[in-house]
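Biologist: Could you put the model up so that we can go through it together?
Modeller: Certainly, here it is.

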There are 4 protein chains.
Amino acid sequence: MDKRKKILEAALKLFVALGFHGTPTSKIAQEAGVANGTLFHYFPTKDDLILGLYTDIKIRMTAFVNENAKPEDTFKATMKGQYLASLYWALDHKTEFSFKQQFHNSPFHLLLNQEEIEKQLKPHFDMLRKGIEDKIIKPLPVDYIHTLISSHTFGLNQYLTSNEFSTVKQHQLISDTFELLWDMIKEN
Amino acid sequence: MDKRKKILEAALKLFVALGFHGTPTSKIAQEAGVANGTLFHYFPTKDDLILGLYTDIKIRMTAFVNENAKPEDTFKATMKGQYLASLYWALDHKTEFSFKQQFHNSPFHLLLNQEEIEKQLKPHFDMLRKGIEDKIIKPLPVDYIHTLISSHTFGLNQYLTSNEFSTVKQHQLISDTFELLWDMIKEN
Amino acid sequence: MDKRKKILEAALKLFVALGFHGTPTSKIAQEAGVANGTLFHYFPTKDDLILGLYTDIKIRMTAFVNENAKPEDTFKATMKGQYLASLYWALDHKTEFSFKQQFHNSPFHLLLNQEEIEKQLKPHFDMLRKGIEDKIIKPLPVDYIHTLISSHTFGLNQYLTSNEFSTVKQHQLISDTFELLWDMIKEN
Amino acid sequence: MDKRKKILEAALKLFVALGFHGTPTSKIAQEAGVANGTLFHYFPTKDDLILGLYTDIKIRMTAFVNENAKPEDTFKATMKGQYLASLYWALDHKTEFSFKQQFHNSPFHLLLNQEEIEKQLKPHFDMLRKGIEDKIIKPLPVDYIHTLISSHTFGLNQYLTSNEFSTVKQHQLISDTFELLWDMIKEN
DNA sequence: CATGAATGAGATTTCATTCAT
DNA sequence: GATGAATGAAATCTCATTCAT
């Protein structure tokens, strides 16, 4: 019914499987079950489609994390909540996660509005700064900490994806790994 | 003189700047200063070129690490030696590192021989297993540890690259970050 | 108007003049007055074009023969009717005939569906079988007779084409040659 | 050893399998086990190679027929001798025969020297003319008779090739078919 | 909104031929 | 004679995009 949605779904699937340049718009239209020209009605350009898909995914992920990671009593608990929410989302949306990864490692990420990115990261950075001020975590540059957390998250996700664990085992690993991460950044 | 080498150099430069699909073979040939057909004399296919470049880089990196990271007295020192060698290589070969990253995040990595990969990882895995047996690091699955180290390394490298630190500061950060990593995996 | 038709016409003309491999698709598109890509819109592959052209010609020829060669009172008359229809068609469609010849003498004929061919030949073979049963023609294998008739037809056509006879003379020769053929296969 | 010969053999095999334009000179060189450039040492041009191969085959075939078809007492016997020799050669040299066919049905045949062809056909035409003068065969144009015989021969050969008969059966069929041909052209 | 035929610039690859060794 | 790296024109095919219906 909703052709725009169908196009986004088809694009996601194919981009992840074949890469951005490896996926012709015609194939996306076909997979989506719409005419070639219809795609260009919704997304005037292939770049617009890629960017639109990224935005769409980003919005949905942020909504999920915001909904599931409420502020907790302690700094550690709050941070863990966010960590868990991110990873659970990633586990439930492997294709979307893969797409994000691919997007960031491509020249397309340059098309993103830099200000916009910083605005989105601000709450997270603020939280880290607070942790440092309160001497809970080590006094390292917040973007440095953020990078370490991100790649840590990415690594774990990759590990979970390339093995076939039970849900219980997965959640166990996620929880354990957070402790590893915490060991790394907590003030001794 | 060595046209094959010139082609590889041109390909590396352009692939990193424009992406695999964003770089036409004709441009590579031009940049390398050889005729269009010459490229296909050495690499029958664009895929072959991409794969050949990856292999070439991998070999040179491994050689560098092997040469610079000799076994040390303690487990930690040996591991740090490898860690430093990897990061120093990455810092000195940013384009190559970037290419590797792009390669792994693309559908092309599927073209790699799985056995070959495992064979290359074996010494590293063996070392980790030894550390676990000797109760020096935590008894976690070695592929898990390896994934965490890799993404950690990647994260640090990204951080170093996106900031413009002095060499001294860079080496300081690398050394400090190793300690963070060590905190994470060492047996308490 | 009908671009597909224009492409087929151009392809026929050029293939006969220059051979399959001697004719670039670009030249066909140009001769047809369509864009390069349009050709590939209708025929995804050059092979598809060659095959499509063959099929197109085959259909039109069969239609002509079926329309012009009605069953007659005697076996000989019926057979002559078909013989004449085939040859008249060939004389009126020299380029098409030439193309068919070229096609059969090329590796492309292997792309034809064998079953399809047999299905098309069946009525003809049935007729020959009937003639044998009724002791009108010699009791030879029908595919053998068919091959002889075909090459005979081909030979005559070649002779008519390489000389410049008047229409009257041509029809005379065709008629006479049928008698030669008939002498060859009729039961004595 | 004899590289020229090896090239001709490889060319024959590949041209028949893939067509003239479908066979790259590099593939011929490879199949012949010589370097790419060597081919062009012996045949300055691909066309020269094709023509050279044709000439080579033609010479060998003519030699065979001349050796095996001696003049006999009667016209019919002489003619039959030639007919048999031609067909036996074709059966023993299917690839060569196929090549000749392909050559004649290609634009390359235009490269042949017309005079040369006529000179080669003259003895045959003379024989036919003699047969007509002596009222042994029908008073038809000799090139017409020749065309009919040629395509008849071609048809039979095709039939023999597409079926798998025993040698005895093959020779039987060849002999029988000559009688059919003779019925066709003999003066009643 | 939706379609899909049409476009043409451009991408990858092929290949006959040359020539320094 | 023999080699095979090198060439570059040309061939097939792709694909984002447009537009009349």
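Modeller: Let me begin with DNA strand F: of its atoms within 4 Å of the protein, 71% belong to sugar or phosphate and the rest to bases. Please keep in mind that this is a predicted model, in which local features need pLDDT of at least 70 and side-chain atom pairs count only at pLDDT 80 or more, while totals for chains, interfaces and linings use all residues. Residues are numbered from 1 along each chain as its sequence is written, chains are lettered from A and ligands numbered from 1 in the order in which they are written, and side-chain values use heavy atoms, with hydrogens and water left out.

Biologist: Which residues are the closest to strand F, and how many surround it?
Modeller: DNA strand F is surrounded by 31 residues, and the closest are A:Thr25, B:Thr38, B:Tyr42, D:His41 and D:Tyr42; a residue counts as near when one of its heavy atoms lies within 4 Å of the strand. By class, that surface has 10 nonpolar, 17 polar and 4 charged residues, where Ala, Val, Leu, Ile, Met, Phe, Trp, Tyr, Cys and Pro count as nonpolar, Asp, Glu, Lys and Arg as charged, and the others, Gly among them, as polar.

Biologist: And what is a phosphate oxygen of strand F 2.5 Å from?
Modeller: That partner is a polar backbone atom of A:Thr25. Two lysine side chains also place an N or O atom by a phosphate oxygen of strand F, A:Lys46 at 2.8 Å and D:Lys3 at 3.3 Å.

Biologist: Which helix gives the most to that surface?
Modeller: Helix 3 of chain D does, with 5 residues; helices here are DSSP runs (H or I, at least four residues), numbered from the N terminus. Among the elements that each supply at least two residues are also helix 2 (25–32) and helix 3 (36–42) of chain A.

Biologist: Switching to the protein interfaces, how many residues of chain D are in contact with chain C?
Modeller: On the chain D side there are 29, in contact with 28 residues of chain C, contact meaning heavy atoms within 4.5 Å. The two chains bury about 2400 Å² between them, 65% of it on carbon and sulfur atoms; buried area is the accessible area (1.4 Å probe) that two parts lose on being put together, summed over both. In chain D, the residues that lose the most area to chain C are D:Tyr144, D:Tyr159 and D:Leu180, together 25% of what that side buries.

Biologist: How many salt bridges are there between those two?
Modeller: The count is 2, on the rule that a side-chain nitrogen of Lys or Arg lies within 4 Å of a carboxyl oxygen of Asp or Glu. D:Asp183 pairs with C:Lys138, and the closest N and O atoms are 3.5 Å apart. As for elements, helix 8 of chain D gives the most to the side that touches chain C, with 11 residues.

Biologist: How are those two copies related?
Modeller: Chain D superposes on chain C by a rotation of 179° with 0.1 Å of shift along its axis, at an RMSD of 0.2 Å, so the two copies are related as by a two-fold rotation axis. The superposition is by least squares on the C-alpha atoms of residues with pLDDT of at least 70 in both.

Biologist: What about chains A and B, how much area is buried there?
Modeller: Between chain A and chain B about 2300 Å² is buried, of which carbon and sulfur atoms give 66%. In chain A, A:Tyr144, A:Tyr159 and A:Leu180 lose the most area to chain B, and A:Asp183 forms a salt bridge with B:Lys138.

Note on methods:
A polar contact is a pair of N or O atoms within 3.5 Å; within protein, one must be able to donate a hydrogen and the other to accept it, and residues adjacent in sequence count only if both atoms are side-chain atoms.
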